[in-house]
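Trainee: Could we go through the aromatic rings and the cysteines of this structure together, one question at a time?

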Amino acid sequence: MISYKEVFENLKSKKEGALVCFIVIGDSDYETSLEIAKTLVNAGADILELGLPFSDPIADGPSIQAADVRALNNGMNTDKVFEYIKELRKFTDVPIGLLSYYNLIYQYGMQKFYEKGFITGVNSILVADMPIEESDSAVAHSEKNKIDTTFMISPITDNKRIKEITDKVTGFIYAVSRLGITGARQDLEKSTLNFIRRIRQFTNKPICVGFGISKPEHVRDVIKAGADGAIVGSAIVDLVAKNLGNKQRMLASISHYVRELKTTTRI
Amino acid sequence: MKSLGKFGDFGGIFVPETLMPALEELESAFLKLKNDKKFNSELNELLKKYAGRPTPLSFCENLSKKLGCKIYLKREDLLHTGAHKINNALGQALLAKYIGKKRLIAETGAGQHGVAVATAGAKLNFQTDVYMGAKDIERQKLNVLRMKLLGANVIPVTNGSKTLKDAINEALRDWTANVTDTHYLLGSVLGPHPYPSMIKFFQSIIGKEMKKQILESEGRFPDLIVACVGGGSNAIGIFNEFINDKHVKLVGVEAGGSGIKSGKHATRFNDKRLGRIGIIHGTKTFVLQDKYGQIHNTYSVAAGLDYCAVGPEHSILRQMKRVHYTYATDKEAIEAFKILSKEEGIIPALESAHAVAHVIKIAKTMKKDDIIVINLSGRGDKDLDQIEEIII
């Protein structure tokens, strides 16, 4: 299993940004989502960001909520999530980040969750509804289990908080490129470019930009602006939703899309 | 943040980072304004001359005779818009005005909070958008019409269970995208800090008034205060003033729906299988959920009680054994609805009827001179369509 540090350093030496691909574990079912993850890696994803499906995902938009519903309806749960990671690890050693909501971790038992993460080969855990103020216990368990922390920074996070958040990050900084929830959009706001520069004042840690990144030119723009990676989520999840009846077409379209995105991470 | 808003181990701030600046701004405004003379006098004027405070404390002569103890109702049903929700709506809307927000958003279950926000929005000149579950829109048509007449935009929520929980999800998403000009006017003592403390501040007026009124009528405090508990703002509102008066028994009544065993209910405290400590909508409290933490769909005849979590302060009050939490089923609430209407000429909201139902159930354990105050949190006009269907 490769560390974030290795991935980002290696890409930097090749003058490339990281392509971070997000899907929901178990969407549309366990087997399909395992095949999707493998497809992402084969098509050039440098990092996988995998979501645990939650009934009430307040930080996510309609695409990802629908994916959560599909996964839950097909029986996904936290035990199966770790089985999935274990199985996926047989196939790839690219970094795997988990994205969860606090309640899922709390009900599983925080200690058990992070231990299972370590055992199965999880690189990082991002908790969508956990600001740094509530993160002491999660940070302690991360350290203990050699799991990296990832936190989000939004365009309206002030400089004092940016400093505090970047201090707590050991994996990469998840820069939210716009206000609002996840979901593909037509244009990437210009302010994103200044935003990356603002975070850079405080840290040399890797910054990946997510929320609303759906087109090759978005990826190119954020990498050019100095981000270490671009996170693509809803757009991939939409390809799952669009091709529910035809798995071959689903995998082919995802593969094609991700390959195209990956070419734009090379500056 | 000045505080994390903890009630023991409950409460807190479990939200995406995007919302933190807005919560910091809100906390700072609330801490400043709650002791601000101008703000408080402006709010008191609104409550008095617009909303109709103080509300009376009515002695129920017929019901008392029937049940064999002294029963009073704190008449929040007589407020403008028909429920206690207006206390909080006016308070928060005025606060939003002070911090320069242009738009209000809100979630609503029964529609009472939505109507209160639409009203406050009209009065204080906000653009108002109310998120409401599609299922609730169906069962609360009258309130939907009222909101529209008041100039609010009612946005149906078709995700998930299509009730209050999903309306809160959507409102939070909207707020995340529009925090700079929008205030999220949350309706109950729920959500991330500072909401539970702030809403308690705006609702505590219920208990403060009642304390004076019962001293005037009876020369002493009541033996028992009963309130229904959805999120629990009317209950906190009437309990808060009496928390330190240990001889006053406090009882919160949750929605028992079709009964605990059926799994179709909204009692977070009284179902040991589904009701456990968890984190939802920004706060740590008792939540109805499955083993893995997926939120359980709730059910109650009363839309305003039909919610998966209880306000975090209720969780600590229960842990401290200061408040006892029980439940009344749909059937008991409907029976109480009919009894109160017939005996006292007061048609209660189905939510408040749960509190009445509990009192009817336990009255025989009370002595003749014992005093019970029920918080009649709202009136039942909104429920007539539904009642008509059930009775016929």
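Trainee: Over the face of which residue does B:Lys361 lie?

Mentor: Keep in mind that this is a predicted model, and that a charge counts as sitting over a ring if NZ of Lys or CZ of Arg is within 6 Å of the ring centre and within 35 degrees of the ring normal. B:Lys361 is placed at 6.0 Å from the centre of the ring in question, and that ring belongs to B:Tyr327.

Trainee: At what distance from the ring centre of B:Phe286 does B:Arg318 lie?

Mentor: Here an arginine takes the place over the ring, since the cut-off covers CZ of Arg as well as NZ of Lys. B:Arg318 lies over the face of B:Phe286, and its distance from the ring centre is 5.1 Å.

Trainee: Are the rings of A:Phe113 and A:Tyr114 stacked or edge-to-face?

Mentor: Among the 23 aromatic pairs over all chains, this one has ring centres 6.1 Å apart and planes at 65°. Planes over 60 degrees apart count as edge-to-face. Both A:Phe113 and A:Tyr114 are buried, and because their planes meet at 65°, the pair is edge-to-face.

Trainee: How many disulfides are there over all chains?

Mentor: A disulfide needs two cysteine sulfur atoms within 2.5 Å. For A:Cys21, the nearest cysteine sulfur, that of A:Cys208, is 11 Å away, while for B:Cys60 the nearest, that of B:Cys69, is 10 Å away, so neither of these two cysteines is in a disulfide. Over all chains, the count of disulfides is zero.

How values were computed
Residues are numbered from 1 along each chain as its sequence is written. Chains are lettered from A and ligands numbered from 1 in the order in which they are written. This is a predicted model: local features need pLDDT of at least 70, side-chain atom pairs count only at pLDDT 80 or more; totals for chains, interfaces and linings use all residues. Side-chain values use heavy atoms; hydrogens and water are left out. Rings of Phe, Tyr and Trp (its six-membered ring) pair if their centres lie within 6.5 Å; planes under 30 degrees apart count as stacked, over 60 as edge-to-face and the rest as tilted. Buried means under 20% relative accessible area, exposed over 50%, partly exposed in between (1.4 Å probe, protein chains only).
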